[in-house]
2 protein chains.
Amino acid sequence: MRSFRPTAESVPPANVNYRLRLPGGLPVDKQPLNPLAFLLKAAQVYPNKLALAHPDVDHPVFYSYAVWTQRVQNLAYALIQFGICPGDRVAVIAPNSPLIADAHHGVLAARAVICPINTRLTTPEVAYILEHSGSKLILVDHELAHLVQDARIPVIVANDSGRADDPYEQFLSNGRRYSGDRGWPGLEWEADENAPAALCYTSGTTGRPKGLPGAYLTGIANAHETQYVLILPMFHACGWTFPWAITFACATQITLRKVSYPHIWHHLLYSGTTHYCGAPTVQIGLVNAPDARLLSRPVVAIVAGSAPTAHLLGELEKKNIHPVHVYGLTYTYGPFTRCYEQVEWASLPLDQRARYMARQGLSYAISDDVRVVYPPKEDEQDDVNMELVDVPKDGKTVGEVVLRGTMVMKEYFRDPDATRKAFRGGYFSTGDLAVMHSDGYIAIQDRSKDIIISGGENASSLAIEQELASHPDVLEIAVVARPHPRWGERPMAFVILHPQRASFWDGRHATFAESLKLHARGRLPGFACPEWVEVVAELPKTSTGKIQKAVLRKIVAKL
Amino acid sequence: MRSFRPTAESVPPANVNYRLRLPGGLPVDKQPLNPLAFLLKAAQVYPNKLALAHPDVDHPVFYSYAVWTQRVQNLAYALIQFGICPGDRVAVIAPNSPLIADAHHGVLAARAVICPINTRLTTPEVAYILEHSGSKLILVDHELAHLVQDARIPVIVANDSGRADDPYEQFLSNGRRYSGDRGWPGLEWEADENAPAALCYTSGTTGRPKGLPGAYLTGIANAHETQYVLILPMFHACGWTFPWAITFACATQITLRKVSYPHIWHHLLYSGTTHYCGAPTVQIGLVNAPDARLLSRPVVAIVAGSAPTAHLLGELEKKNIHPVHVYGLTYTYGPFTRCYEQVEWASLPLDQRARYMARQGLSYAISDDVRVVYPPKEDEQDDVNMELVDVPKDGKTVGEVVLRGTMVMKEYFRDPDATRKAFRGGYFSTGDLAVMHSDGYIAIQDRSKDIIISGGENASSLAIEQELASHPDVLEIAVVARPHPRWGERPMAFVILHPQRASFWDGRHATFAESLKLHARGRLPGFACPEWVEVVAELPKTSTGKIQKAVLRKIVAKL
């Protein structure tokens with residue numbers, strides 16, 4: 001940290017005034033619900049606190065809240081100076097780094113809409129999103145610049161150096177020129193509380209604008225439910241609102257360009273990290289890393305994407321890492337349920353506790369209702385006024401997870417037909433299938449497309465995985481449907497063996513397959529037992545560590 | 001707890017559904033910002049957790065979140081059944097007890113407005129508030145029933161017993177009849193986000209309606225900034241939103257009918273209390289109580305009303321009690337600034353630290369702007385569009401504290417003229433005078449009427465008290481202006497001696513007065529030194545422990 005000096009333009013002027021202009025006519029008892037307010041507040045309360053640390057790169061940078069907030073103002077003015085108008089979309093393509101952290105606040109300060117793009121997409125997919133979103137400008141990390149080399153809109157490249165000769169820093173300097181005369185009071189809060197804050201895409205198909213109050217409230221909720229992030233990529237659904245939640249908590253964020261277990265362990269051990277986010281596959285990598293050891297302070301791990309297994313839970317706890325299991329979608333502002341741990345679970349055996357904790361749980365503190373309802377019948381119209389009927393709380397009846405409230409996207413961007421279908425009954429239909437237990441906790445059974453229809457029975461690939469993962473030699477597992485001449489479909493399991501057991505089974509994968517099938521038969525109904533087991537070295541994953549079942553299904557289709 | 005059984009009507013039916021009806025036409029990405037939602041969520045997440053404990057009375061009661069929430073539903077239906085319509089005011093007069101805790105949620109569930117009345121008011125003052133507020137019904141504690149014996153609207157008396165023969169319980173039973181067929185889905189969320197949640201009065205003059213989103217957001221903020229309450233009376237500005245904040249935190253609240261140090265120490269020592277609220281005078285009583293001792297767990301004390309002195313701060317810390325200094329008004333939803341402690345303060349000497357902590361600090365995390373501006377000139381119009389000018393951040397220039405945002409009252413009830421004056425420049429004018437320090441922290445100098453104009457200089461009574469309180473023999477002190485033939489006004493100090501030193505000065509109060517004046521001369525400018533010192537046994541205080549300077553001024557006027 002000693003060797004780094006922020007650019008002169010990053011240092012706020014003396015007597016900086018953090019007050020934006022209010023829209024005319026706003027009643028005295030109303031205020032804009034805008035997550036930019038968190039950052040301005042943090043800069044006032046803890047100006048000298050470390051806000052943003054980006055240590056594990058060639059050119060490390062470290063910004064206090066005062067400095068980072070000035071950079072955000074510079075970005076806002078640079079965007080406005082460039083010609084970005086209120087409501088315009090600004091695309092951002094970057095791994096976790098100051099660029100994308102800045103953009104989560106600076107784009108909003110210019111009253112524009114942030115459009116974060118997945119860094120793992122192909123050039124045509126990125127081109128589609130740029131076109132569909134109507135983005136006016138691209139902010140891109142130097143390692144990803146090739147994705148937009150043919151883009152027909154202007155591009156600002158960041159070399160991720162924080163040094164004065166970096167093109168991104170030069171762009172920021174354009175904005176800094178307005179800090180004296182105009183500063184924050186020269187910017188105005190967005191007046192329309194229905195204005196979008198972000199436009200998110202997953203795989204380049206449909207855009208999902210999300211509103212400012214949702215960013216504000218979900219940011220608060222995530223600061224309340226959890227607190228602090230290390231790993232989660234920010235391009236993924238605006239990092240579940242953590243780029244905003246962190247500033248509400250006035251916490252320090254450490255940005256890592258990629259998942260690197262030695263670096264993560266370094267920060268867990270020596271950087272005072274208290275919280276981090278990651279999919280189970282990241283957590284598995286973490287507990288099995290050579291640096292893994294017992295932490296002297298408890299650390300909270302926010303786990304999403306899929307449920308932690310009993311084995312993983314036990315391994316995390318042995319290291320003083322305490323998982324919080326949340327569930328969400330890119331259609332929402334990240335997590336909207338949490339498996340709230342009950343006091344009495346603490347005394348249960350690990351297996352039973354893991355079973356409880358694997359459920360997706362109850363809706364977030366600021367979330368409106370989350371329900372599990374009967375899926376629509378084939379002849380039913382997609383009607384926003386239709387009545388949804390809840391499944392019984394029996395832990396058995398499978399229904400669809402639906403929800404509503406400020407955490408939900410506003411619509412499908414430029415696609416009113418898709419919006420109407422998605423908002424059936426006045427709720428957003430997630431497409432995820434779940435049961436509801438007697439305590440009101442929901443438990444996802446599958447994405448509707450991941451269900452395996454075996455002999456006419458619906459088998460949940462997640463439930464099968466959960467059971468098979470309890471085999472002691474299994475490190476990771478994924479189960480998909482494979483066509484079967486007699487039963488229609490049967491489950492096929494792809495397994496990564498535990499490193500310490502891989503050599504034991506070397507050359508005897510067929511025997512391991514029998515062992516796993518035997519394990520399954522004691523735990524699952526016949527139609528859910530895997531017909532095929534394949535040991536693999538790795539599983540196809542998304543950039544956020546989610547297993548790509550679509551890829552596995554393609555492999556299966558060729559068998 | 002073992003001997004208490006809630007009434008049969010308090011126990012929720014099996015399969016209770018916690019979903020209220022949504023107003024028609026609400027977009028999928030909007031939700032009602034209503035603090036009732038916190039209670040419903042807590043009942044779903046921790047149904048069996050102790051929500052409300054009322055232990056120190058003849059008939060102790062203990063309600064879990066599931067049971068308490070059912071009682072709130074019963075109250076809502078009882079009110080509706082009685083004829084309360086959306087927007088109607090329901091008056092509540094009670095010490096901290098289940099009745100007033102219930103009302104903070106149940107009145108909102110009936111879409112009515114809670115009007116909590118100060119229990120220390122006189123019968124005519126109460127009559128005025130009932131009349132001015134247009135309340136339709138009174139919920140009153142049995143010990144305060146005399147205050148409304150001549151009321152011209154119906155009264156429900158609670159014997160604070162929680163037993164079936166209590167008239168309040170019988171009233172609740174009326175509501176319970178609807179829990180089966182209608183339940184929560186039979187109630188509807190208030191559709192108008194501008195609807196008031198509460199109508200608060202202080203001394204029977206002006207009413208201050210406050211909106212639902214403010215209750216929601218301030219409740220979250222208080223749960224975030226602090227967490228848990230023991231003492232603060234709920235009738236006082238809706239208990240600073242803590243009756244709602246506690247449910248957001250899913251915490252347990254212990255209701256005490258009055259400030260009783262033996263009971264408070266019992267709960268600090270044995271009930272797992274983590275947080276409590278109280279004015280400095282309550283804190284002084286607490287650290288000097290015979291039961292006071294070092295706590296094995298840290299406890300957070302939320303201090304408001306006036307700043308803790310260095311002495312008090314030291315005494316609290318010796319007991320492992322850590323004060324958080326907040327500042328607010330009944331015109332707002334309680335506190336809107338907090339003296340955020342900076343890490344570097346920890347290593348400062350106690351006196352210096354107390355000096356920093358005595359400041360009112362910075363605005364709350366969810367609060368909009370708090371400013372210190374030049375007071376209006378005599379010829380200036382009260383104009384909502386006039387431009388307010390900030391005083392410099394020099395720690396010297398005195399201005400008026402103004403603020404805006406969801407925490408602020410909507411208006412003066414039925415008094416547009418007063419509203420226009422109060423909302424000068426689009427901000428609420430607090431009437432409190434303050435300076436702003438270079439770090440942006442505000443420090444209240446005085447209420448405008450408490451300033452002492454001594455020889456043409458403005459002397460802050462609070463600043464004088466702060467300095468005089470550092471005399472080792474002073475327990476509590478209050479300073480007011482007393483007319484002076486030469487200087488116009490001069491400060492007069494009323495002092496309560498420390499119990500351990502009172503006998504030392506017995507019969508020698510004049511000598512003590514000289515000792516205090518000598519102490520003052522080293523610390524204060526001449527015009528701010530007390531001209532008169534009177535040792536008293538007690539100081540006149542409001543029900544919330546604030547010293548009543550108006551009463552002291554009346555005493556002074558007769559001298």
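In the predicted model, three strands of chain B form an open sheet with the order 2-1-9 and mixed pairing. Strand 2 (61-64) and strand 9 (253-254) of chain B are the edge strands, each pairing on one side only. Strand 1 (residues 50-54) of chain B is joined to strand 9 of chain B by two bridges, and the sense of this pairing is parallel. Within strand 9 of chain B, B:Ile254 is the bridge partner of B:Ala53.

A parallel pairing also occurs in chain A, where strand 3 (residues 89-93) and strand 4 are joined by four bridges. In this pair, A:Ala91 lies opposite A:Cys115 of strand 4. The connection from strand 3 of chain A to strand 4 of chain A passes through helix 3 (residues 98-109) of chain A, giving a β-α-β crossover that is right-handed. Strand 4 (residues 113-116) of chain A is covered on both faces. A:Val113 and A:Cys115 are buried on one side, and A:Ile114 and A:Pro116 are buried on the other.

The largest nonpolar core contains 280 residues. The members that touch the most other members are A:Leu139, A:Trp184, A:Phe428, B:Leu139, B:Trp184 and B:Phe428. With residues up to four places away in sequence not counted, A:Leu139 touches A:Leu75, A:Val90, A:Ala91, A:Val92, A:Ile93, A:Leu99, A:Ala103, A:Ile156 and A:Phe171. One of these contacts, A:Ala91, is the residue that stands opposite A:Cys115 in strand 4 of chain A.

Between the two chains, 51 residues of chain A are in contact with 51 residues of chain B. About 4200 Å² of area is buried between chain A and chain B, and carbon and sulfur atoms give 51% of this area. On the chain A side, the residues that lose the most area to chain B are A:Arg19, A:Val28 and A:Asp29, which together account for 17% of what that side buries. Six salt bridges are found across the interface of chain A and chain B. A:Arg19 also takes part in a salt bridge with B:Asp369, in which the side chains meet at 2.2 Å, N to O.

In chain B, helix 10 (residues 310-318) has the buried residues B:Ala310, B:Leu312, B:Leu313, B:Gly314, B:Glu315 and B:Leu316. These buried residues of helix 10 pack against four elements of chain B, namely strand 10 (275-278), helix 9 (280-287), strand 12 (321-329) and helix 11 (350-357). After helix 10 of chain B comes B:Asn320, which has a positive phi, near 70°.

Two individual positions were also examined. A:Gly214 is located in helix 6 (residues 212-225) of chain A. A:Gly214 counts as buried because its relative accessibility is 2%, and the cut-off for a buried residue is under 20%. Apart from residues up to four places away in sequence, A:Gly214 touches A:Gly219, A:Tyr333 and A:Thr406. A:Gly214 and A:Pro35 are 179 residues apart along the chain, and their C-alpha atoms are separated by 9.1 Å.

B:Thr241 is placed in the loop between helix 6 (212-225) and helix 7 (242-248) of chain B. The relative accessible area of B:Thr241 is 0%, and the residue is therefore buried. Its contacts, leaving aside neighbours within four places in sequence, are B:Thr218, B:Gly219, B:Asn222 and B:Tyr333.

How values were computed:
Residues numbered from 1 in each chain as written. Chains lettered and ligands numbered in written order. Predicted model: local features only at pLDDT ≥ 70, side-chain atom pairs only at ≥ 80, totals over all residues. Heavy atoms only, no water. Buried < 20%, exposed > 50% of the residue type's maximum accessible area, 1.4 Å probe, protein only. Pairing = 2+ DSSP bridges. Right-handed = clockwise from strand over helix to strand, strands pointing away. Core = buried A, V, L, I, M, F, W, Y, C linked by side-chain atoms within 4.5 Å. Contact = heavy atoms within 4.5 Å. Buried area = accessible area lost by both parts, 1.4 Å probe. Salt bridge = Lys/Arg side-chain N within 4 Å of Asp/Glu carboxyl O.
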